[in-house]
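Here is a walk through one protein model, taken a few residues at a time. Keep the sequence and the 3D view side by side.

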Amino acid sequence: MSVSVQTKRRFALATALRGAFMLLAGLYAVIWPDQALLVMVLAGGILLAVDGALGLWSLTFGGGKSGNFWFDVAANALSLLLGILFLLQPLIATVLTVTVLSTMVGIAALVVGVMQIVVITRERELYARIWPVVLSGLSYVLLGLVFLFFPLLSASIGVIFGGVLLILFSFGLFGWAWRLYQRSKQA
């Protein structure tokens with residue numbers, strides 16, 4: 001089955017639109033990281049509220065039965081309540097969410113760093129140089145401390161990094177859209 005020239009051009013246009021939206025989102029995240037973080041929390045709140053409401057509706061009216069009815073009711077009700085909380089108090093939800101996630105990342109980085117240092121010092125006779133691994137472990141420890149003591153700053157930097165990645169990915173989509181458009185002209 002052959003794809004028409006019009007369809008190929010629509011594919012190219014859709015890909016270019018994806019790239020434009022991604023570029024705008026990336027620029028927004030880089031220029032206003034705190035607001036972008038708040039928007040992400042609001043989007044998560046909407047997702048949780050809609051998911052909880054649809055899950056409860058499915059259990060009540062849609063015939064969506066599973067093996068553990070009360071667990072599903074509790075999970076969907078909690079999802080709905082968290083979504084409403086995120087929407088009513090987005091700033092508090094942002095601080096709580098960011099603090100919890102940053103704490104988890106900080107603890108994980110600390111554990112990895114300490115493990116690297118302990119393992120390399122125990123087995124130092126097997127390695128010619130242990131300093132690169134010790135420095136790597138120390139950098140993990142420092143990263144973990146930054147995440148633990150400065151959670152909002154860490155999240156803002158993470159949003160900026162994510163925005164830069166979105167911008168780079170948008171250029172890839174623009175290139176792909178251009179190739180799709182050029183192929184549509186050849187047909």
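Which residues does Q116 touch, not counting residues up to four places away in sequence? They are V133, S136, G137 and Y140. Bear in mind that this is a predicted model.

Start, then, with Q116. This residue is found in helix 4. Its relative accessibility is 25%. Buried means under 20% and exposed means over 50%, so Q116 counts as partly exposed. One of its partners deserves a second look. G137 is 21 residues away from Q116 along the chain, yet their C-alpha atoms are separated by 5.3 Å. The side chain of Q116 also reaches the backbone nitrogen of G137, at 3.1 Å.

Move on to helix 5, which spans residues 131-149. L142 has its place there. With a relative accessible area of 53%, L142 is exposed. Its C-alpha atom lies 8.6 Å from that of G113. Along the sequence, L142 and G113 are 29 residues apart.

Now return to helix 4 and find L91. Is L91 buried or exposed? At 61% relative accessibility, L91 counts as exposed. Compare its position with that of F61. The two are 30 residues apart along the chain, and 34 Å separates their C-alpha atoms.

Next comes the largest pocket. Its volume is about 200 Å³. Three elements give two or more residues each to the lining: helix 2 (33-60), helix 4 (90-122) and helix 6 (151-186). Which helix gives the most? Helix 4 does, with five residues. To trace the lining on the model, pick out L37, M40 and V41, then T97, V98, L101, S102 and V105, and lastly F147, S154, A155 and G158. What is the chemical character of these residues, nonpolar, polar or charged? Eight are nonpolar and four are polar. No charged residue takes part in the lining.

Helix 3 covers residues 69-88, and S79 lies within it. S79 has a relative accessibility of 8%. That value falls under 20%, so S79 counts as buried. What does S79 touch, leaving out residues up to four places away in sequence? Its contacts are L48, A49, D51 and G52. With L48 there is a polar approach too. A polar atom of the S79 side chain lies 2.8 Å from the backbone oxygen of L48.

Now go to helix 1, residues 5-31, where T15 is found. T15 is buried, with a relative accessible area of 6%. Which residues does T15 touch, again not counting those up to four places away in sequence? They are L173, W176, A177 and L180.

Stay with distant parts of the chain for one more pair. Q182 has its place in helix 6. Q182 and A12 are 170 residues apart in sequence. In space, their C-alpha atoms are 9.0 Å apart. At 25% relative accessibility, Q182 counts as partly exposed.

Finish with the aromatic rings. How many aromatic pairs are there? The count comes to three. One of the pairs joins W178 and Y181, with ring centres 5.9 Å apart. Why is this pair tilted? Its planes meet at 35°, and planes under 30 degrees apart count as stacked while those over 60 count as edge-to-face, so the pair is tilted. Both residues lie in helix 6. They are three residues apart, about one turn of the helix. How open is each residue? W178 is exposed, with a relative accessible area of 53%. Y181 counts as partly exposed, at 33% relative accessibility.

Notes. Residues numbered from 1 in each chain as written. Predicted model: local features only at pLDDT ≥ 70, side-chain atom pairs only at ≥ 80, totals over all residues. Heavy atoms only, no water. 1 Å grid on protein atoms, 1.4 Å probe; cavity = no way out; pocket = protein on both sides within 12 Å on 5 of 7 lines; lining within 4 Å. Points joined across faces, edges and corners; volume = space filled by probe spheres on them. Helix = DSSP H or I, 4+ residues; strand = E, 2+ residues; numbered from the N terminus. Nonpolar A, V, L, I, M, F, W, Y, C, P; charged D, E, K, R; others polar. Phe/Tyr/Trp six-rings, centres within 6.5 Å; stacked < 30°, edge-to-face > 60°. Buried < 20%, exposed > 50% of the residue type's maximum accessible area, 1.4 Å probe, protein only. Polar contact = N/O pair within 3.5 Å; in protein donor to acceptor, adjacent residues only side chain to side chain. Contact = heavy atoms within 4.5 Å.
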